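Me: Please take a close look at a single part of this model, beginning with the pairing of strands in a hairpin. I should then like that part to be set in the context of the fold as a whole.

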Amino acid sequence: MTVPTASSTPPDRAPAHQPPQQASPHPFPPGFLWGGAVAANQIEGGWNVGGKGPSIQDVLPGGITAPRTATPTADNLKQVGIDFYHRYRDDIELFARLGFEVLRFSIAWSRLFPRGDEDAPNEEGVAFYAAVLAELERHGITPLVTLSHYETPLYLAEHYGGWANRALIGFYECFARTCFERFGARVKYWLTFNEINSMLHFPFLAGIDKPADQVGQAEIYQAAHHMLVASARVTALAHATLPGAKVGCMLLAAPVYPLTPDPADVWAALDSERRSTFFGDVHVRGYYPGYALRFLRENGITLRITEQDRADLRHTVDFVSFSYYMSLCESAAPRQEAMVAGNVLPGVENPTLAASQWGWQIDPVGLRVVLNQYWDRWQKPLFIVENGLGAVDQLVEEDGRLTVHDDYRIDYLRAHLQQLAQAIADGVEVLGYTAWGPIDLVSFSTAQMSKRYGFIYVDRNDDGSGTLERYPKRSFEWFRRVIASNGAEL
Ligand code: BG6
């Protein structure tokens with residue numbers, strides 16, 4: 001995948017036409033949860049302190065779009081992140097000032113189990129997350145915990161072959177049980193795997209320690225099966241041990257449009273989208289859908305599925321969460337069209353859409369589309385747990401303070417929230433919205449600091465320089481008002 005470099009003021013290309021805007025009544029229901037989302041490996045730093053072992057992220061200094069390194073290297077910005085490990089109190093204080101009602105964050109598996117296959121957790125790691133949870137509670141912020149956000153312990157990748165190995169189900173269960181036992185009293189909402197469908201495209205995210213083009217489909221789908229079984233097993237465990245707990249799956253959502261009205265393109269789009277919705281179908285329905293069985297059969301893939309696996313898969317999720325950044329197009333013709341760089345999933349460029357500085361096509365209406373599709377398909381409450389604009393920000397001085405005039409970010413988020421409002425008015429049940437990276441963090445795909453999503457600027461640069469000071473951007477006050485008005489003031 002080519003990684004575009006940042007250009008000038010986002011977005012860098014005008015849309016051919018504006019998305020339809022409709023006035024809607026103020027539709028956000030009481031109790032709708034507003035907040036932000038982060039991941040341990042992108043914010044914490046402290047990569048080797050407090051007993052933490054390395055995760056796959058510690059050998060990805062160029063992000064998932066670059067090859068892994070043999071060992072952790074000092075050029076990896078994630079080693080320091082934004083130093084949340086030491087600054088979490090101040091950062092949570094800033095989130096409280098924003099009025100956050102919910103914070104989505106992940107628990108770094110290798111901070112609790114440095115290798116991943118131990119029987120007992122690293123108590124220093126447990127203490128860190130207990131302290132974070134106590135701080136959130138002090139501010140009345142509801143935690144939404146991702147158990148595994150692209151943070152498979154490196155040892156499990158290098159010594160077990162990652163999720164291709166059935167043994168990981170047991171190791172993950174042990175990790176999840178520890179989280180439930182130690183943190184369950186304070187956490188109601190849990191997500192099992194971040195963007196579980198992305199492992200089809202980047203198998204190293206599932207700890208399969210080979211270049212993507214050397215991993216066969218059989219190995220990938222066997223690993224996917226193990227993850228699905230693990231997800232179902234810990235869902236059952238949460239239901240059995242934590243009264244009131246709600247467990248969700250988490251998908252990378254990108255609606256796929258046919259490039260033309262040619263029925264062959266319509267089918268190609270539907271078929272392509274099923275690669276992702278497959279994961280939701282299993283999580284929600286509790287069994288493999290017919291189209292997936294056909295795909296496996298016709299590709300000569302015989303999965304090792306036990307009777308116990310089938311029984312475990314019947315433990316289905318309470319809600320479906322997803323990230324949304326962009327939509328894609330698909331065509332039945334051989335791929336001659338321009339491809340878009342994007343959020344992990346490949347697709348054909350949509351000529352009607354503008355794109356971000358990193359080439360991610362901006363499509364607010366796509367959020368309404370995907371919300372309606374998922375609701376119609378699964379009839380489960382939905383939770384938007386990532387959405388936002390990665391952009392280059394310029395620090396400026398205003399009234400003696402440093403800030404960023406990020407009106408482009410406000411425009412992006414406002415347009416998406418308007419479409420979310422439409423979807424709620426359409427009858428879609430949505431639990432909440434957590435903006436991605438409310439505080440600038442190290443990007444996932446390219447491991448850059450300069451790709452910023454935050455309402456809060458962090459003084460850190462791609463070369464690792466910077467004071468790590470935090471500065472609220474213009475979008476900070478805007479989002480604070482959105483939350484305070486429960487979405488009435490967009
Ligand atoms: C999602 C991931 O794919 O997209 C996040 O769950 C990630 O971890 C986000 O940061 C945005 O991607 P990027 O590459 O811009 O950081």
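Reply: Two strands are taken to pair if DSSP finds at least two bridges between them. The model is a predicted one, and the mean pLDDT of the protein chain is 94, with 94% of the residues reaching 70 or more. Over residues 1–10, by contrast, pLDDT stays under 50, and the model has 22 contacts for that stretch beyond four places in sequence.

The hairpin is formed by strand E12 (residues 395–398) and strand E13 (residues 401–404), which pair in the antiparallel sense over four bridges. Within this pairing, Glu-397 has Leu-402 of E13 as its bridge partner. Two residues lie between the strands of the hairpin, and Asp-399 takes a positive phi near 50 degrees there.

The sign of that angle deserves attention, because most residues other than glycine have a negative phi. Asp-83 is another case: its phi is positive, at about 60 degrees, although it is not a glycine. Asp-83 sits in the loop between H1 and H2, and its relative accessible area of 13% makes it buried. Ala-447, also not a glycine, has a positive phi of about 55 degrees. It belongs to the loop between E14 and strand E15 (456–458), and at 6% relative accessibility it counts as buried. A glycine may be set beside them: Gly-140, just after H4, takes a positive phi of about 70 degrees.

The loop that holds Asp-83 also contains Ser-55, placed between helix H1 (40–43) and helix H2 (84–98). Ser-55 is buried, with a relative accessible area of 4%. Apart from neighbours within four places in sequence, its contacts are Ser-110, Glu-151, Thr-152, Pro-153 and Leu-154.

In the wider fold, eight strands form a closed barrel in the order E1-E2-E3-E4-E5-E7-E11-E14, with parallel pairing. From one strand to the next, the twist averages 25 degrees. One of these pairings is that of strand E1 (residues 33–37) with strand E2 (residues 102–106), which run parallel and are joined by three bridges. In it, Ala-37 stands opposite Arg-104 of E2.

Helices lie across these strands. Helix H8 (residues 263–285) lies across E4, strand E5 (246–253) and strand E7 (319–324), and it runs at about 165 degrees to E5. Helix H12 (residues 407–425) lies across E1, E7, strand E11 (382–386) and strand E14 (430–436), where its angle to E14 is about 170 degrees.

Helix H4 can be checked for its length. Its 16 residues should span 22 Å at 1.5 Å a residue, and its end C-alpha atoms are 22 Å apart, so the two values agree. The buried residues of H4 are Gly-125, Val-126, Phe-128, Tyr-129, Val-132, Leu-133, Glu-135 and Leu-136. Their cover includes H1, H2, E2, H3, E3 and H6.

Helix H6 (residues 167–183) can be treated likewise. With 17 residues at 1.5 Å each, H6 should span 24 Å, and its end C-alpha atoms are indeed 24 Å apart. Twelve of those 17 residues are buried, so H6 is largely enclosed by the rest of the structure. The buried set comprises Leu-168, Ile-169, Phe-171, Tyr-172, Glu-173, Cys-174, Phe-175, Ala-176, Thr-178, Cys-179, Phe-180 and Phe-183. Among the elements that cover these residues are helix H4 (123–138), strand E3 (142–148), helix H5 (154–160), strand E4 (189–193) and helix H7 (217–241).

Two cysteines of H6, Cys-174 and Cys-179, appear among its buried residues. A disulfide is a covalent bond between the sulfur atoms of two cysteines. The structure holds zero disulfides. The closest cysteine sulfur to that of Cys-174 is in Cys-179, at 9.7 Å, and is therefore too far for a bond; the cut-off applied is 2.5 Å. Cys-174 has 17% relative accessibility and so counts as buried, the limit being under 20%. Elsewhere in the chain, Cys-329 is buried too, with a relative accessible area of 3%.

Terms used: Residues numbered from 1 in each chain as written. Predicted model: local features only at pLDDT ≥ 70, side-chain atom pairs only at ≥ 80, totals over all residues. Heavy atoms only, no water. Expected span 1.5 Å × (residues − 1). Buried < 20%, exposed > 50% of the residue type's maximum accessible area, 1.4 Å probe, protein only. Contact = heavy atoms within 4.5 Å. Axes fitted to C-alpha atoms, helices over the stretch in contact; angles between N-to-C directions. pLDDT = per-residue confidence, 0-100.
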